[in-house]
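Welcome to a short tour of a protein model. Have the sequence and the 3D view open side by side, and follow along heading by heading.

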Amino acid sequence: MIKTISKENAIVAYKGFNNDFSCLDFHYEVGNEYKLDGEVVLCKSGFHACEKPIDVFSYYELSSHTRYAIVELWGDVVYACNKKKLCASCIKIVKELSLKEMITLAIRMSEKDSSLTNEYDECKDKSFASDK
């Protein structure tokens with residue numbers, strides 16, 4: 001399902017690139033915005049990224065030869081069924097990140113997800129206790 005996201009509500013995500021800051025023969029530059037002329041099709045056309053830094057490592061090698069960036073995505077957006085990546089018609093390359101920064105962000109976001117899950121579990125346990 002395609003969602004339309006405004007630029008003002010752009011999705012912050014993370015993207016991997018080849019060493020020359022390219023992906024599938026398309027070259028990017030930090031600070032630039034790009035727009036797809038055509039249909040967004042997951043794994044075929046559009047600008048792909050991941051909302052969680054850890055998921056980028058599923059698509060790009062964890063290596064000093066890989067480059068990484070924070071990006072913003074908007075326009076027509078499609079999510080993969082596994083929710084690990086998304087594809088959009090518009091992208092802005094916000095900031096390049098080092099491998100160390102990507103790993104640090106991945107750990108921090110994983111800890112945050114874990115604490116949110118723990119908070120949910122605690123609330124759930126309390127609600128069951130109060131139902132008795």
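## Glutamate 33 and its partner

Glutamate 33 counts as partly exposed in this predicted model, because its relative accessibility of 39% falls between the cut-offs of 20% and 50%. Which residue does glutamate 33 meet in a salt bridge? The partner is lysine 7, and the closest N and O atoms of the two are 2.8 Å apart.

This pair links distant parts of the chain, since lysine 7 and glutamate 33 are 26 residues apart. You will find lysine 7 in the loop between strand S1 (2–5) and S2, while glutamate 33 belongs to strand S5 (residues 33–35). Lysine 7 also counts as partly exposed, at 42% relative accessibility.

## Two further salt bridges

How many salt bridges are there by the rule used here? The count comes to three. One of them joins glutamate 96 to arginine 67, with 2.9 Å between the closest N and O atoms. Glutamate 96 sits in strand S8 (residues 86–97) and arginine 67 in strand S7, so this salt bridge ties together parts that lie 29 residues apart in sequence. Both ends are partly exposed: glutamate 96 has a relative accessibility of 31%, and arginine 67 has one of 26%.

Another salt bridge brings together the side chains of glutamate 101 and lysine 95, at 3.8 Å from N to O. That distance satisfies the rule, because a salt bridge requires the two atoms to be within 4 Å. Glutamate 101 is partly exposed, with a relative accessible area of 32%. Lysine 95 is partly exposed too, at 42%.

## The overall layout

Now step back to the whole protein. What does its secondary structure come to? There are two helices and eight strands. Read along the sequence, they follow the pattern β-β-β-β-β-β-α-β-β-α. Of the 132 residues, 34% count as buried.

## The largest pocket

Next, look for the largest pocket, which has a volume of about 380 Å³. Its lining is made by 20 residues, and those closest to the centre of the pocket are Lys15, Cys23, Leu24, Gly46 and His48. Which elements give two or more residues to this lining? They are strand S2 (11–17) and strand S6 (47–49).

The lining residues can also be grouped by character. Among them, 13 are nonpolar, four are polar and three are charged.

## Two loop residues with positive phi

Leucine 24, one of the residues closest to the centre of the largest pocket, has a phi near 50°. This is a positive value in a residue other than glycine. Leucine 24 lies in the loop between strand S3 (22–23) and strand S4 (26–27). Is leucine 24 buried or exposed? It is exposed, because its relative accessible area of 72% is over the cut-off of 50%.

Cysteine 43 likewise has a positive phi without being glycine, here near 70°. Its place is in the loop between S5 and S6. Cysteine 43 counts as exposed, with 52% relative accessibility.

## Across the chain

Some C-alpha distances show how separate stretches of sequence are placed in space. Leucine 24 and lysine 44 are 20 residues apart along the chain, and their C-alpha atoms are separated by 9.9 Å.

Aspartate 20 offers a second example. This residue lies in the loop between S2 and S3, and at 44% relative accessibility it counts as partly exposed. How far along the chain is aspartate 20 from threonine 66? The two are 46 residues apart, with 8.8 Å between their C-alpha atoms.

## A nonpolar patch on the surface

To finish, turn to the surface, where Leu62, Ile103 and Ile107 make a nonpolar patch of about 260 Å². Leucine 62 is found in the loop between helix H1 (53–56) and strand S7 (67–79). Leucine 62 is exposed, at a relative accessible area of 52%, so it passes the requirement of over 30% that applies to residues in a patch.

Methods. Residues are numbered from 1 along each chain as its sequence is written. This is a predicted model: local features need pLDDT of at least 70, side-chain atom pairs count only at pLDDT 80 or more; totals for chains, interfaces and linings use all residues. Side-chain values use heavy atoms; hydrogens and water are left out. Patches are made of residues with over 30% relative accessible area and no salt bridge: like charges are joined within 9 Å, nonpolar side chains (Val, Leu, Ile, Met, Phe, Trp, Tyr) within 5 Å. Accessible areas come from the Shrake-Rupley method with a 1.4 Å probe; for residues, only the protein chains shown count as cover. Helices (H or I, at least four residues) and strands (E, at least two) are DSSP runs, numbered from the N terminus. Buried means under 20% relative accessible area, exposed over 50%, partly exposed in between (1.4 Å probe, protein chains only). On a 1 Å grid over the protein atoms alone, a cavity is a set of points where a 1.4 Å probe fits but cannot get out, and a pocket is an open set with protein on both sides within 12 Å along at least five of seven lines; lining residues have an atom within 4 Å of a point. Grid points are joined across faces, edges and corners, and a volume is the space filled by probe spheres set on the points. Ala, Val, Leu, Ile, Met, Phe, Trp, Tyr, Cys and Pro count as nonpolar, Asp, Glu, Lys and Arg as charged, and the others, Gly among them, as polar.
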